[in-house]
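Let's take a walk through this one, from its cysteines to its cores and a small sheet. Have the sequence and the model open as you read.

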Amino acid sequence: MTNEPVFEVDFEPGSYGFRPGRSCHDAIQDIFQTLKQGSSYKWVLDADIKAAFDNISHELILEKIEGLPSRNIIRKWLKAGYVEEGKYYATKAGTPQGGIISPLLANIALDGLQELLTGYETQTPYSTINRGKRITKYKKEGKYKFARYADDFVVMSQKKEYLEEILPIIQEWLGKRGLRLNEDKTTIKDIRTEGFSFLGFDIRQLPTKTLREGSNRYHRIVRKMATDVKPGAKRVRLTPNSKLKDEEVYSCIIKPGKKETNQLLQEIREYLKGAARSHSFEIVIQKLNYKLRGWLNYYRYVCSKKTFSRIRYEVLNAIYRYLKRKHPQKSWKWIHEKYYKTIDKDKNNPYAKSTGKRKKEEVLINAAKDVPIIRYEKVKGGYSPLDPEQSEYWSKRKTKMGKTRFAEGSKYEKIYKRQKGICPICGEPIDLEDDFELHHIIPVRDGGMNADKNLVFLHKHCHKAKHKHLHYK
């Protein structure tokens, strides 16, 4: 898209939707860093723009792209209208959903909201210890923190009153762009008592344990600090940093959404009750693995361990009921011997022998073990992969994130590390968003084995080019 580099490098750092190198996880990690332990932000404006793509002002977009060579083409495209059931309808506002340039135009129209919010500041009190005495100090903070993904955004603040003050200003700002908030879905919530949902995640601040002044643990640490004093030390601190007894400390906990979790389980149960009846058990396992692997990989960057364990339990129960319906005259012992195998002392692993050429086994992914929980690294500030000065940063980031696709210590991770995350055909990194395939250096038909040394990861298009001999050596 020739117009994208013109705007991409100047977009606000709090915008994450429909942008290269950014994802939902960057937005969630941004929110986590704002709400983590010690944060004074405890209220959120969870906003939703009503039919954003259908109501964006054409005049505003054309004004912002003034001077671009393709401006006239975009103007004609916006004003082209559409035909439905043989009748022509003019388009006076909005961009076609699914259009190749619609996401970019939406970002152009909504760019500037973060700049508007960062202009407001406040003095936030906090307590600290100075020479053994508890004192109160004040630090300058922004009244609002902002994160946006496409047309959904959240504004976090220290007080509910601050959000009520800024809401009319946001509505006025959106009105100039032909947009307005959906009043039914736009709410102000207390993050500590209600929490909120964003991009399929449930986000909430919960009270956490911390060192309390005057507690037994506090006195133990004081005694230990006194005994650990080095001889000849000029400055000695004999009191640890601690919180007052009446002071509450909250940590940010982000989990997979309950609604999304129940929806996944419901879809799996409906599939096993319906379409799976006409499928072989190998195809059933394959389809379940496709669905589970994508869902688990999306939610692996937050506090998901309990949710993953619950999914494992519920899916095994659903498969048990499916197999009992499939073999109503057989005992459970017979079913278990035929459809289950033991892996790492766990006897309940549904599997099927493959009927394909390579005769491998298809084992159901273990949601509780096979997908480890890892911390996602948010993109740095306003960095963009279209900025040539930041190419080294993006190359290292892609390689580092690419490793997270594989279980630690697995065969695939060893192959990825050996080639340093680089596709040997095109020389470009293989990252999380890329579609790639395994390639046999010595083909199977020529006696090539599935050993690590004979395998290499290639981009999917590079793999096709390799077999069609379209690439340069």
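Here is a short report on cysteines, nonpolar cores and one sheet.

This is a predicted model, where local features need pLDDT of at least 70, side-chain atom pairs count only at pLDDT 80 or more, and totals for chains, interfaces and linings use all residues. Residues are numbered from 1 along each chain as its sequence is written, and side-chain values use heavy atoms, with hydrogens and water left out.

Cysteines go first. Searching the whole structure turns up zero disulfides (cysteine sulfur pairs within 2.5 Å). The table sets out two cysteines, with burial by relative accessible area (buried under 20%, exposed over 50%, partly exposed in between; 1.4 Å probe, protein chains only).

| Cysteine | Nearest cysteine sulfur | Relative accessible area |
|---|---|---|
| Cys-24 | Cys-252, 17 Å | 15%, buried |
| Cys-303 | Cys-252, 8.2 Å | 40%, partly exposed |

Now the cores, meaning sets of buried Ala, Val, Leu, Ile, Met, Phe, Trp, Tyr and Cys residues joined through side-chain atoms within 4.5 Å. The largest has 55 residues, and Ile-203 and Leu-272 have the most contacts inside it. Leaving aside residues up to four places away in sequence, Leu-272 touches (heavy atoms within 4.5 Å) Val-284, Leu-288, Ala-318, Ile-319, Tyr-322 and Arg-325. A second, separate core of 37 residues takes in Phe-7, Leu-45, Leu-110 and Ile-166, among others.

Last, the sheet. Three strands (DSSP E runs of at least two residues) form an open sheet in the order E12-E13-E14, with antiparallel pairing (at least two DSSP bridges between two strands). E12 (340-343) and E14 (361-363) are at the edges with a single partner strand each, so one side of each lacks a neighbour in the sheet.

Note on methods: Helix = DSSP H or I, 4+ residues; strand = E, 2+ residues; numbered from the N terminus.
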